[in-house]
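Biologist: I'd like to go through this one chain by chain and contact by contact. Mind if I fire some questions at you?

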Number of protein chains: 4
Amino acid sequence: MSDLIVSKWLNTKDEISLDNLRGSVILVYVFQMLCPACVIASIPQANKIQQMFAQEKLQVLGLHSVFEHHDAMKEQSLIAFIHEFKVKFPVAIDKASVSRGIPQTMEKYSMQGTPTLLIYDKVGDLKLRRFGHVDDIELGFILGSLLS
Amino acid sequence: MSDLIVSKWLNTKDEISLDNLRGSVILVYVFQMLCPACVIASIPQANKIQQMFAQEKLQVLGLHSVFEHHDAMKEQSLIAFIHEFKVKFPVAIDKASVSRGIPQTMEKYSMQGTPTLLIYDKVGDLKLRRFGHVDDIELGFILGSLLS
Amino acid sequence: MSDLIVSKWLNTKDEISLDNLRGSVILVYVFQMLCPACVIASIPQANKIQQMFAQEKLQVLGLHSVFEHHDAMKEQSLIAFIHEFKVKFPVAIDKASVSRGIPQTMEKYSMQGTPTLLIYDKVGDLKLRRFGHVDDIELGFILGSLLS
Amino acid sequence: MSDLIVSKWLNTKDEISLDNLRGSVILVYVFQMLCPACVIASIPQANKIQQMFAQEKLQVLGLHSVFEHHDAMKEQSLIAFIHEFKVKFPVAIDKASVSRGIPQTMEKYSMQGTPTLLIYDKVGDLKLRRFGHVDDIELGFILGSLLS
């Protein structure tokens, strides 16, 4: 399992690495703090998933992949966002590319925008890479399949 | 797997029996057509599940278990309800008891009211008997577990 | 102001007549108890309006205009519906026509179906006759205009 | 009518002053771009009001009153927010106080937080100052009263 390319982790004391989380199902919510669908739909869903499955071998992560308005969504703004939106899971900052357009993880995975959801199974295989909000029933179904 | 006690099946040409459905996950949505939570939340969810998982070994059934206002929810009204709410799955009428209060399947399963959701796994074991509407993520999770 | 053509009033001790309500703004929610949009959107809105404006010169009425599935939505079923959906305002039964298709008030007002909302101002002029659910902001705006 | 205390107007070519808008009903949506209730409920409502009443003598304004996380919600971030959330009405930046805690308009009006809605009638009297999201029906009612 190749890892996320991250400049910094927030909201966590531990070093996070997808490899170290092997054995758990991992959801990576790729978002921008000024993306309406992320803020209105995906981050609330991520918070809910994190609470509902706290007892399961499941880890929710955020990945802040800024590909536009870079100056508007810097680390200091993201920290306030995490606080205000009561995000309790670790959030990574996707590493900027030299040219400062699309960040490196977003480019590596050929993501089309935000929100995007990545889901890895317990052995680290990428089982879902979906652009756009994922329906609750479908998401629950995927998690039930991967955790059983 | 003990079966539902039914006076009549609607919305189906086939004879339905839980035993004959063995091999499929079965959801039985127990409802009354004049129960607000059933009409506003559970029946729309049942319709959605039926469409989403049409390709899976999953069968959605309705069970109309009238325990109050019996004269208001007779077969003729139920038939119109099924038509108007675009219910596409088979619906059973829970068999009235002699005393005409709680119908027989509802009594047999000690249900507390409607909506109630029963879920059987592929070998016919009852895995869920829940009074009240079931959250979409949780329901998806259960289905993912049972179908994988 | 010509009146509704009614076979019976339910959920009220008083005789109701639009003429006798002159001086109040009157909302008539025309519905069928098995019409999904009525049950999911319009009746809850009607209940909310009735509670919000209890102190105002405003009267909410229901009109049960059955134009299909007549045998499925008889008085006894409607009484149970009113109880289960916690309808607190008077509900009239639109008088059946001889041919038993479209009932008489529905025909008189050339309504296209249910839900339909009729709104009369304080002097009894019909200010709105709208087929389909009315948006909350727009409805509030109309009431604010007519009550000020 | 005393005016807003503003350091800068965004999203407008014209100079905005409440006094110059006399003759119109004015809604001032006081918000912070990282306040969840503002982003999820109030800004979408403001956008809707602005579209619905484009033909009426009604002006929607935003007031960005930052009282916490000041470094996270600077002008550059607000400009991106306005773009991403498709805000089409003028937005003022509430003028910071010397001590940099609560900004000046927020203090002058003794606001308790965000979202807050201020509504002025056509002659410039403040008719509503409400902390928290305002229900659609109630808001429509107020607008109907003030515009009729």
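Modeller: Sure, with one term up front: a polar contact here is a pair of N or O atoms within 3.5 Å, where one must be able to donate a hydrogen and the other to accept it. Also keep in mind that this is a predicted model.

Biologist: OK, start with D94(D). Which side chain does the side chain of D94(D) make a polar contact with?

Modeller: D94(D) sits in strand β4 of chain D, residues 91–94. Leaving aside neighbours within four places in sequence, its contacts include L63(D), H64(D) and S65(D). One of these is the partner you want: at 2.8 Å, the side chain in polar contact with that of D94(D) is S65(D).

Biologist: And which residue has its backbone nitrogen 3.0 Å from a polar atom of the D94(D) side chain?

Modeller: Look at another part of the contact list, which includes P103(D), Q104(D), T105(D) and M106(D). The backbone nitrogen lying 3.0 Å from a polar atom of that side chain belongs to M106(D).

Biologist: How far from D94(D) is the nearest side chain of opposite charge?

Modeller: D94(D) is buried yet has no salt bridge. A salt bridge needs a Lys or Arg side-chain nitrogen within 4 Å of a carboxyl oxygen of Asp or Glu. The nearest candidate of opposite charge is K108(D), and its distance is 9.0 Å.

Biologist: Now chain C. Why does H64(C) count as buried?

Modeller: H64(C) is in strand β3 of chain C, residues 58–64. Beyond its sequence neighbours within four places, it has contacts with F31(C), M73(C), L78(C) and D94(C), among others. The cut-off for buried is under 20% relative accessible area. H64(C) counts as buried because its relative accessibility is 2%.

Biologist: On to the interfaces. How many salt bridges are there between chain B and chain A?

Modeller: 16 residues of chain B are in contact with 16 of chain A, and the two chains bury about 1300 Å² between them, 76% of it on carbon and sulfur atoms. K48(B) forms a salt bridge with D135(A), with the closest N and O atoms 2.5 Å apart. The count for this pair of chains is two.

Biologist: Which element gives the largest share of the side of chain B that touches chain A?

Modeller: Five residue pairs are in polar contact between these chains. On the chain B side, the elements giving two or more residues are α1 (36–52) and α4 (136–147). With nine residues, the largest share comes from α4(B).

Biologist: How many salt bridges does the rule find across the interface of chain C and chain B?

Modeller: Here, too, 16 residues of chain C are in contact with 16 of chain B. The pair buries about 1500 Å², 68% of it on carbon and sulfur atoms. As for salt bridges, the rule's count is zero.

Biologist: Then which element gives the largest share of the side of chain C that touches chain B?

Modeller: There are six residue pairs in polar contact across that interface. On the chain C side, α1 (36–52) and α2 (75–84) each give two or more residues. The largest share, six residues, comes from α2(C).

Biologist: Last one: how far apart are the nearest C-alpha atoms of chain B and chain D?

Modeller: Chain A and chain C have no contact joining them, with their closest C-alpha atoms 21 Å apart. Chain B and chain D do not touch either, and their nearest C-alpha atoms are apart by 21 Å.

Terms used. Residues numbered from 1 in each chain as written. Chains lettered and ligands numbered in written order. Predicted model: local features only at pLDDT ≥ 70, side-chain atom pairs only at ≥ 80, totals over all residues. Heavy atoms only, no water. Helix = DSSP H or I, 4+ residues; strand = E, 2+ residues; numbered from the N terminus. Buried < 20%, exposed > 50% of the residue type's maximum accessible area, 1.4 Å probe, protein only. Lys, Arg positive; Asp, Glu negative; His and termini not counted. Contact = heavy atoms within 4.5 Å. Buried area = accessible area lost by both parts, 1.4 Å probe.
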